[in-house]
Each structure stands twice: as structure tokens, then as C-alpha cells.
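Trainee: I should like to understand how the labels applied to a structure follow from their definitions. May we work through some of them?

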Amino acid sequence: MAQVSADALERAKRVRLMVFDVDGVLTDGRLWFGPQGESLKVFHVRDGHGLKMLAEGGIATALLTGRQSAAVAARAAELGLRHVLQGVQDKRPAYDGLLAQLGLDAGCAGFMGDDLPDVAVLARCGLACAPRDAHALALRRAHYVPEAPAGAGAVREVCEFVLRAQGKLDAALAAAEA
């Protein structure tokens with residue numbers, strides 16, 4: 001069962017931008033390297049569709065990750081993500097810069113992260129989310145912790161939680177049935 005703070009629903013209602021870390025959030029956190037040293041990543045199709053649902057619901061999405069990866073760039077392009085920040089070691093200034101670029105205040109933005117480099121952003125954002133196997137400091141900051149594990153539906157749960165809070169989930173699901 002998901003862990004939800006008392007004010008998570010109200011926080012999710014205000015979200016206009018949802019930002020996600022990659023390793024340990026959109027993936028299970030394991031790093032795969034091929035024989036030539038190439039980095040491989042496994043993404044769950046349902047998480048990707050959740051990101052598309054947010055965009056179709058009028059909520060901007062972004063990736064903010066400490067690693068640089070061609071696989072992330074390719075997946076982001078496939079999903080139509082316009083805001084992809086890779087190779088970012090200090091995530092808080094990059095997050096603040098994205099908010100400024102989009103003209104948003106931190107209370108209108110959510111973030112999902114899993115480890116120590118994410119804690120400063122989790123503390124700053126309006127809706128903090130973390131996968132259930134995140135570091136204790138990330139979990140302590142989280143307003144919403146999905147039931148599904150990282151890389152296997154956790155992002156989708158967050159996307160649906162935000163859409164449900166804003167009264168947009170039924171329309172997103174109805175569009176799938178049409």
C-alpha cells in the first residue's frame with residue numbers, strides 16, 4: 001500500500017511540473033554496462049505512459065539526473081520530454097533554474113528522487129515523492145511513496161496520483177478506452 005502524508009493530496013492539486021530522477025526512480029537503480037563500456041538502462045513501459053498521461057493532462061514533465069546517458073536521451077526523446085537535465089551533480093540549482101525558466105514557484109512543482117543527491121530538491125519542492133526502497137533521508141522528505149518499486153511502476157503511480165488529485169485521471173483513462 002502506498003504511503004501518503006496528510007497533505008499529499010492538497011500538494012498534488014497544485015503540481016504544474018513533475019520532475020523525476022532517473023537511476024533508482026525510472027530504473028531499478030542498477031547500472032548495466034555492455035562489453036564496450038556502454039551504459040544500458042531498463043525502463044518500464046507503464047512509467048513512460050504515465051509521463052505521457054501527465055503531459056496530456058497539461059502537467060509539464062522533466063528528468064533531472066546526475067549521470068549522463070545516451071539511453072536516457074533516447075527514452076526522453078521517445079516520450080517527447082522537453083526538459084532533460086543530465087550530468088547534474090548539484091541538483092538544487094538546476095531544479096531552481098528549471099522553475100525560473102518555466103515561471104513556476106516551488107510549491108507548484110513535484111519531484112521524485114531516491115538518494116542523497118535528491119534530498120535538497122525533495123526538501124524544496126511542493127510534492128516530494130520517493131520509491132519505497134529509497135534512502136531513509138529521501139523517504140523522510142516524501143509526501144507520497146508508491147507501492148510499486150522503482151523501475152517497475154512507481155513513476156506511473158505518482159503520475160496517476162497527481163492526475164487523480166487534479167480530477168484529470170478519469171479523462172486520461174477514458175481516452176485509453178476510446
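Mentor: Let us begin with a definition: a salt bridge is a side-chain nitrogen of Lys or Arg within 4 Å of a carboxyl oxygen of Asp or Glu. Please keep in mind that this is a predicted model.

Trainee: What makes Arg156 and Glu160 a salt bridge?

Mentor: Their closest N and O atoms are 2.9 Å apart, and the cut-off is 4 Å, so the pair qualifies. Arg156 and Glu160 lie 4 residues apart in helix H7 (residues 154-165), which means that about one helical turn separates them.

Trainee: Why is Arg156 called buried?

Mentor: Its relative accessible area is 17%. Buried means under 20%, therefore Arg156 meets the term.

Trainee: Why is Lys13 called partly exposed?

Mentor: Lys13 has 36% relative accessibility. The middle class runs between the limits of 20% and 50%, so Lys13 belongs there. Its salt-bridge partner is Glu10, with the closest N and O atoms 3.0 Å apart. Glu10 has a relative accessible area of 43% and is therefore partly exposed too.

Trainee: How do you know that Lys91 and Asp21 form a salt bridge?

Mentor: The N to O distance is 3.0 Å; the limit is 4 Å, so the criterion is satisfied. The pair links distant parts of the chain, 70 residues apart, with Lys91 in helix H4 (residues 91-102) and Asp21 in the loop between strands E2 (17-20) and E3 (32-33). Both residues are buried.

Trainee: Which residues are closest to the centre of the largest pocket?

Mentor: The largest pocket has a volume of about 220 Å³, and the residues closest to its centre are Asp21, Asp23, Lys91, Asp115 and Pro117.

Note on methods:
Residues are numbered from 1 along each chain as its sequence is written. This is a predicted model: local features need pLDDT of at least 70, side-chain atom pairs count only at pLDDT 80 or more; totals for chains, interfaces and linings use all residues. Side-chain values use heavy atoms; hydrogens and water are left out. On a 1 Å grid over the protein atoms alone, a cavity is a set of points where a 1.4 Å probe fits but cannot get out, and a pocket is an open set with protein on both sides within 12 Å along at least five of seven lines; lining residues have an atom within 4 Å of a point. Grid points are joined across faces, edges and corners, and a volume is the space filled by probe spheres set on the points. Buried means under 20% relative accessible area, exposed over 50%, partly exposed in between (1.4 Å probe, protein chains only). Helices (H or I, at least four residues) and strands (E, at least two) are DSSP runs, numbered from the N terminus.
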